[in-house]
Amino acid sequence: MNDDALLDVRDLVVRYGDVTAVDHVSFALAAGETLALDGPSGCGKSSAALAVLQLRRPDAGEVRFEGRELTALTERELRPVRPRMQPVFQDPYGSLSPRHRIRDAVAEPLKVRGVWSATDGPARVAELLDRVGLDPSYGDRRPHELSGGQCQRVGIARALASEPRLLVLDEPVSSLDPSVRAGVLNLLADLRDDLGLGYLFICHDRAVVRHFADRVIEMREGRVISG
Ligand SMILES: Nc1ncnc2c1ncn2[C@@H]1O[C@H](COP(=O)(O)OP(=O)(O)OP(=O)(O)O)[C@@H](O)[C@H]1O
């Protein structure tokens with residue numbers, strides 16, 4: 001085990017019936033570092049990400065986050081840990097309720113953590129929108145009134161509202177127009193550097209991976225083949 005790591009994954013296994021999607025995968029990630037998981041469709045990248053987040057409990061292996069082994073924890077014990085490891089998924093609209101205004105979407109994680117107050121809450125939401133490059137007036141809008149890139153920024157603001165240490169970014173720019181990808185990647189790079197976040201970055205675009213990641217792990221058929 002690497003005691004300095006923000007995240008230390010050992011011999012992770014995820015099975016769906018007879019399919020072994022993740023087959024004894026190990027990697028470690030430091031605060032402020034971006035580790036990319038690369039490989040063809042179906043090689044197990046998303047399954048590994050979900051298992052790291054404990055959104056799908058792994059069948060074997062260890063996931064040590066901030067020095068705590070997560071796989072042995074109960075759901076109740078995981079509750080205070082979950083905000084500190086946040087996912088950002090590919091589909092920016094899918095993770096936002098179409099009926100709710102953006103300000104409510106960003107306020108929700110604050111309310112869930114019990115840190116919402118009527119006096120400071122709205123200002124915190126405005127600050128989070130500003131932090132991701134959106135004018136706070138966007139808080140009045142609903143997701144369909146935003147572009148894909150703007151929606152993905154809202155997804156990132158929601159993740160930041162939980163004050164995470166680790167972001168698990170599963171193809172965060174793949175569904176965006178090439179013209180807006182660079183802006184979202186630059187935002188993510190700024191946040192990583194300013195806040196010292198660790199990124200587990202899933203992406204199959206080699207050019208993006210080369211530009212954005214500090215290290216790359218290459219997966220094939222559930223196994224790490226290089227990195
Ligand atoms: N919920 C599920 N039930 C059954 N099999 C699954 C499930 N999710 C993934 N799999 C299988 O597990 C393997 C790994 O899939 P996974 O989605 O983790 O790969 P991936 O590298 O993220 O692919 P993609 O880039 O297409 O998302 C594949 O064979 C897939 O069919």
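These exercises walk through the fold, the central sheet and the ligand shell of the structure above.

The model is predicted: local features need pLDDT of at least 70, side-chain atom pairs count only at pLDDT 80 or more, and totals for chains, interfaces and linings use all residues. Residues are numbered from 1 along each chain as its sequence is written.

**Exercise 1. Describe the overall build of the protein.**

Solution.
- Start with the elements. The protein has seven helices and 10 strands. Helices (H or I, at least four residues) and strands (E, at least two) are DSSP runs, numbered from the N terminus.
- Next, the radius of gyration. It is 17 Å, close to the 17 Å that the globule rule gives for 227 residues, so the protein is as compact as a globular protein of that length. The radius is taken over C-alpha atoms, and the rule is 2.2 Å times the number of residues to the power 0.38.
- Then the box. Along the principal axes, the C-alpha atoms fill roughly 45 × 40 × 35 Å.
- Last, burial. Of the 227 residues, 39% count as buried. Buried means 20 or more other C-beta atoms within 10 Å of the residue's own; exposed means 12 or fewer, partly exposed lies in between, and C-beta atoms are placed from the backbone.

**Exercise 2. Work out the strand order of the six-stranded sheet, and say why S6 and S10 each have one side without a neighbour.**

Solution.
- The sheet is open, with the order S6-S7-S8-S3-S9-S10 and mixed pairing. Two strands pair if DSSP finds at least two bridges between them.
- S6 (85–88) and S10 (223–226) stand at the edges; each has a single partner strand, so one side of each is left without a neighbour in the sheet.
- Neighbouring strands are turned by 25 degrees against each other on average, direction ignored. Axes are lines fitted to C-alpha atoms, for helices over the stretch in contact, and angles run from 0 to 180 degrees between N-to-C directions.

**Exercise 3. Trace the bridges that join S9 to S3 and to S10.**

Solution.
- S3 (residues 34–38) and S9 (residues 215–220) run parallel, joined by four bridges. Ala36 has Val216 as its bridge partner, and Asp38 has Glu218.
- Glu218 also stands opposite Ser226 in S10.
- S9 and S10 run antiparallel, with three bridges. Here Arg220 is partnered by Arg223.
- Two residues lie between the strands of this hairpin, and Glu221 takes a positive phi near 45 degrees.

**Exercise 4. Place helix H1 and find what it gives to the ligand shell.**

Solution.
- H1 (residues 45–52) lies across S3, S7 (166–170), S8 (198–202) and S9, at about 150 degrees to S8. Contact means C-beta atoms, placed from the backbone, within 7 Å.
- Seven of the eight H1 residues are buried, among them Lys45, Ser46 and Ser47.
- Just after H1, Gln54 takes a positive phi of about 60 degrees.
- Now the ligand. Its surroundings include Tyr16, Val19, Ala21, Gly39, Lys45, Ser46 and Ser47. A residue counts as near if its C-beta atom, placed from the backbone, lies within 6 Å.
- H1 gives the largest share of this shell, three residues.
- By class, the shell has four nonpolar, six polar and one charged residues. Ala, Val, Leu, Ile, Met, Phe, Trp, Tyr, Cys and Pro count as nonpolar, Asp, Glu, Lys and Arg as charged, and the others, Gly among them, as polar.

Notes:
Two residues are in contact if their C-beta atoms, placed from the backbone, lie within 7 Å.
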